[in-house]
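Good morning, and thank you for letting me take a few minutes of the meeting. I would like to walk you through one structure, slowly and in order, so please have it open in front of you as I talk.

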Amino acid sequence: MSDAAVPKQKDMSEPMLGALLLLPAVLLLLLVVVYPIGTLFWTSLHSVDNANPQAGEQWVGIANYLRAFDDDRFWHATLQTVIYIVVTVPGALVVGLGLALLANQPFRIQWPVRLSLLLPWALPLVFAGLIFRWFFEYQTGIVNDLLARIGVEPLGWLSDPTLATIAICIAIIWKASSFMALMLLAGLQTIPKSLYEAAEVDGASKWQQFVEITLPMLRPSIFVALIFRTITAIQTFDIPYAMTGGGPGDATETLAMYIHKSTLDFLDFGYGSALAALMFLFSMVATSGYLRYTRRSSGRGAEE
Amino acid sequence: MNFNFSRRTTVWLAAIIVMVNGFFPAVWILLTSLKTETELIRSPITYLPEAATLENYMTAFTAQPIGRFLLNSVVVAGLSTALCVLISALAAYALTRLRMPHRNLIMSLLLAISMFPLISLMVPLFKVMRELGLLNTYLALILPYAVLSLPVCTLVMASFFQDIPPDLEAAAMVDGCSRVGALFKVVVPLAAPGVFTAGILAFVNAWDEFLLALTMMNRVNMRTLSVGITLYQGEFAFPWPLISAALIIALVPICIIIAVFQERVVGGLTAGGVKG
Amino acid sequence: MKLSKWLLTATLAVAFAGSAWAQQTTLRIFTGGQQRPDVMRKIADEYSKRNPAVKVEIEVGGATSEAQQQYLSTVLSSKDSALDLVLIDVIRPAQWAAQGWAEPLDAYLGADKAKLLPTYLKAYADANQVNGKLMALPYFADSQFLYYRKDLLEKYKRPVPKTWDEMMETAKLIMDGEKSPQLQGFSTAGAPIEGTVCTYLVPLWGAGGEMTKDGKLNLDTPQARQPFQLYGRMKQAGVLPRNIAEIATDRIRIDFQAGNVIFAMTWGYVWNRAENDADSKVKGKVGVAKLPHDVGGSSATCIGGWQVAVSAFSKNKQEAVKFARYLSSPEVSKMQAIMASHIPVFPSVYKDPEVLKANPWFADALPVVESAKSRPVSPQYPQVSDAVRGSMNAYLAGTKTTDAALADMKNKLAPIYK
């Protein structure tokens, strides 16, 4: 059996074999996403008058996209999303890297540390949001209780746009740093100890070791973690949804929340789809930036 | 002597920081699950339960079939993780260790998939699953969940596969292994930390997911935990002690799985370290 | 002879049972977790006992009205036939009619319609008709009530307030007298949730205002500013809780039940919890009355409650309508009132001695429910709701002034009422 298989495999060209190995992924993607995404674009070019939906879908061309440009709420939600990205992506990276380095210390018993590293992430998003809402609640929240103990007046964390944004960012960083730490910890584990031993012999300080060995060796892991954190940050939904519901007013509403509202509450499928397509465009721009950067900087690894 | 002491202090400090950060909300949930609702709404708030009770756990088990939810989640998350890791391993191998044209393009396309917000795909996806007759079956969640984590798993494994020296693989093939055989006998074991990281990612993604699970499974006995827990909620009331108890029940199995997988991340590393 | 007669009967019985078996229909009804699926189970079992050919499956969905609608939007936009009946919120019939999700019931009821409708509370008969078509049947009623502390009003010898100003005055008087920092004068929903729409509408109506007039937006009136100004004054007087913009429905109950609220505007479920919960500090002290109004206006409240709609995609519409009629009958209304304290949709049931024994406060509730009005009826109600609650919430949080909040609301509503 294996005798028969080996020569056959050898005959197969690498691109052929590669295509074969990619096939299951492609098939699954076709079924589960490519068709729905096609429908999404098609829907974004149509509109239904919800005052009279029985009239059916009308072809409107790019009208839904044009409407977005005049929609203050869309721009506000986009801006708010950008704030969450700019604050929480680096925030989660720094906190996550710190946690990964701490967790990489030589503990005698590993699992409690590892577990605590991953618990934030294992807590379903919706409930993480609800718990943080509770922590920041005016009357029965821990945060105000602790503030009161040091003599600070209670703050309306969830009813002030700035404070609410801060509270949401804290919750997101807490949740996301766990994912970051997991990715980076796996990367840390692959750095050979011998490198540090050699540096130690050369008299390099801990900080020098970190900058000269750890960071460069971690680059692929950091890169993967950053891409996915950014994509997830663009789609920020559950935590602000649970914590403030977008309030006060629409102040803390994200783009994903607005899409959700337009589609499933307002039943404006055409407009919701157009917003989703725009969001996809933003994601593409952001990630292609990353891709270009890594291709240039870690060219050796990626190209050959 | 002095160095030793500071070293131990560092380690302890590290442990405390990481554990406080990670355990704090979980411990808070645990404490809440032992409280009564009366105690919860008191102001000023109490930290430790005044009269700990297990009643919430009893209610959690009797009010909803939480055992069944648990089983469903384990089946769905387990199978989708296995499927996702397998498919991603093949794809990652093709993209990193074979001469493929347009590798970067394929990689970018794969990434692009994960950029579509799931919420806007819900209606078409529901239609696909209905046409296939998969609603209220495990496959209705296993397939999309495998796709959900496919990009991240492929990228994670690709970044690990890249670092494996080609001669190790060549040596295996000289020993009579096929290319695919070499993938599973040499590359995957050497990249074990990456494979298990991918596994954990896929598992937790599936375990947490809410919107799809709500939409694809509408029979009570097919609900998964993340949806099931919300069934304890009322239109107005949010019974925190009861929901906390349900959350703890949901957290226990995932903690066990993470602990076991984490062990393998370390185990795989030591095995790799010997060879490297 | 006897034997053959027996045989004949037996054969007939078998044949009948067989045909009943063949015609067995299973109806699937969707309900939210909070509308007491356990009680619906009992009601459905009673129905199956009388109609052995019909089995009822109950699907329990999301907790809040919105979570349910989001799920139903997905399922019904795909024209899925799995559901036969759905319990829908009173704010939805217009949307369901426009989307073509609910089967109009007129043809099924025929001449019965004219006889049936006057038996309901008028507000419910109206709320379920869209452009003259009957879209759903009322299952149970609800509305917002003014809850007050009987004991505190007696202690300070104050009558139940009729106007908002009286209420503020009384609240202030009691707060000054009690000197408890925890005590709130008046609490209502202020978070960005559906209930906050009523927080705006009730004072608007109480001042004689209306949001729409002849299908056109009617917010350029002085009354439209009234709710903002009222809450502004309450805030200044310290009568509202400081975190009003965070307050969601159940928080009001919790605070009221803990004895920390003098007046509250909220839904019907609070009375039973406040009077029956073991931890309630206000047992025997709960009063229910009509909501206050302004001088010159009259008291009004927001209608709530749940309706049974038949899905337009159901494959068993005939049977589904029959079951819907059973669910919307005085008999079931009474069962619900006794088992779940659900407020009846038939005036006659309020006077039933068994019902009153289980819910003595229903006597006070009837005049309030009779003063209930519909929130603006629109096929795009979710947008309307979003605009109103967003502005009200932003105003209560202090991030928008009356002018800004009102202008924002008008901007969002303009495309809907063009």
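Let me begin with a term that I will need shortly: a crossing of two helices is called left-handed if the near helix is turned anticlockwise from the far one by less than a right angle, and right-handed if it is turned clockwise. Please also keep in mind throughout that what you are looking at is a predicted model.

With that term in hand, let us turn to a pair of helices in chain A, namely helix H8, which covers residues 161-189, and helix H10, which covers residues 206-234; they pack at an angle of about 155 degrees, and their axes are 8 Å apart. Angles over 145 degrees count as roughly antiparallel, and H8(A) and H10(A) are therefore roughly antiparallel to each other. As for the handedness, the crossing of H8(A) and H10(A) is right-handed.

If you would like to find the contact on your screen, look in H8(A) for residues including A:Ala176, A:Met180, A:Met183 and A:Leu184, and in H10(A) for residues including A:Leu218, A:Pro220, A:Ile222 and A:Val224, which are among those that meet there. Sorted by class, the residues of this contact are eleven nonpolar, two polar and one charged.

Staying with chain A, I would like to point out its division into domain 1, residues 1-35, and domain 2, residues 73-303. Taken over C-alpha atoms, the centres of domain 1 of chain A and domain 2 of chain A are separated by 36 Å.

There is also a detail of the backbone in chain A that deserves a moment, and it is the peptide bond leading from A:Gly247 to A:Pro248, which is cis, with omega near -5 degrees. To locate A:Pro248, go to the loop that runs between helix H11 (238-243) and helix H12 (255-265) of chain A.

Now we move to the neighbour of chain A, which is chain B. How many residues of chain A are in contact with chain B? There are 76 residues of chain A in contact with 73 residues of chain B, and on the chain A side helix H2, residues 14-44, gives the most, with 18 residues. By class, that side of chain A has 54 nonpolar, 19 polar and three charged residues.

Chain B itself is described briefly: it has 13 helices and zero strands, and its C-alpha atoms fill a box of roughly 70 × 70 × 30 Å along the principal axes. Of the 276 residues in chain B, 52% are buried. When we consider contacts in chain B between residues at least 6 apart in sequence, we find that 78% of them join residues at least 24 apart.

Chain B also touches chain C, where 21 residues of chain C are in contact with 20 residues of chain B. Which element of chain C gives the most to the side that touches chain B? That element is H3(C), with four residues, and the residues of this side of chain C divide into six nonpolar, eleven polar and four charged.

Within chain C, domain 1 is made of two stretches, 22-142 and 304-373, and domain 2 likewise of two, 143-302 and 377-413. The C-alpha centres of domain 1 of chain C and domain 2 of chain C lie 28 Å apart, and 19 residues of domain 1 of chain C are in contact with 19 residues of domain 2 of chain C. On the domain 1 side of that contact, the largest share, five residues, comes from H18(C), and the classes on this side are eleven nonpolar, five polar and three charged residues.

I will finish with two residues of chain C that have a positive phi although neither is a glycine: for C:Arg36 phi is near 55 degrees, and for C:Lys157 phi is about 50 degrees. C:Arg36 lies in the loop between strand S1 (25-32) and helix H2 (37-50) of chain C, while C:Lys157 is found in the loop between helix H8 (150-155) and helix H9 (164-178) of chain C.

Are these two residues buried, partly exposed or exposed? C:Arg36 counts as partly exposed because it has 19 C-beta neighbours inside 10 Å, and C:Lys157 counts as exposed because it has 7 C-beta neighbours inside 10 Å.

Technical notes
Residues numbered from 1 in each chain as written. Chains lettered and ligands numbered in written order. Predicted model: local features only at pLDDT ≥ 70, side-chain atom pairs only at ≥ 80, totals over all residues. Contact = placed C-beta atoms within 7 Å. Helix = DSSP H or I, 4+ residues; strand = E, 2+ residues; numbered from the N terminus. Nonpolar A, V, L, I, M, F, W, Y, C, P; charged D, E, K, R; others polar. Domains from an automatic or database assignment. Buried ≥ 20, exposed ≤ 12 C-beta atoms within 10 Å, placed from the backbone. Axes fitted to C-alpha atoms, helices over the stretch in contact; angles between N-to-C directions. Parallel < 35°, antiparallel > 145°, perpendicular 65-115°, else oblique.
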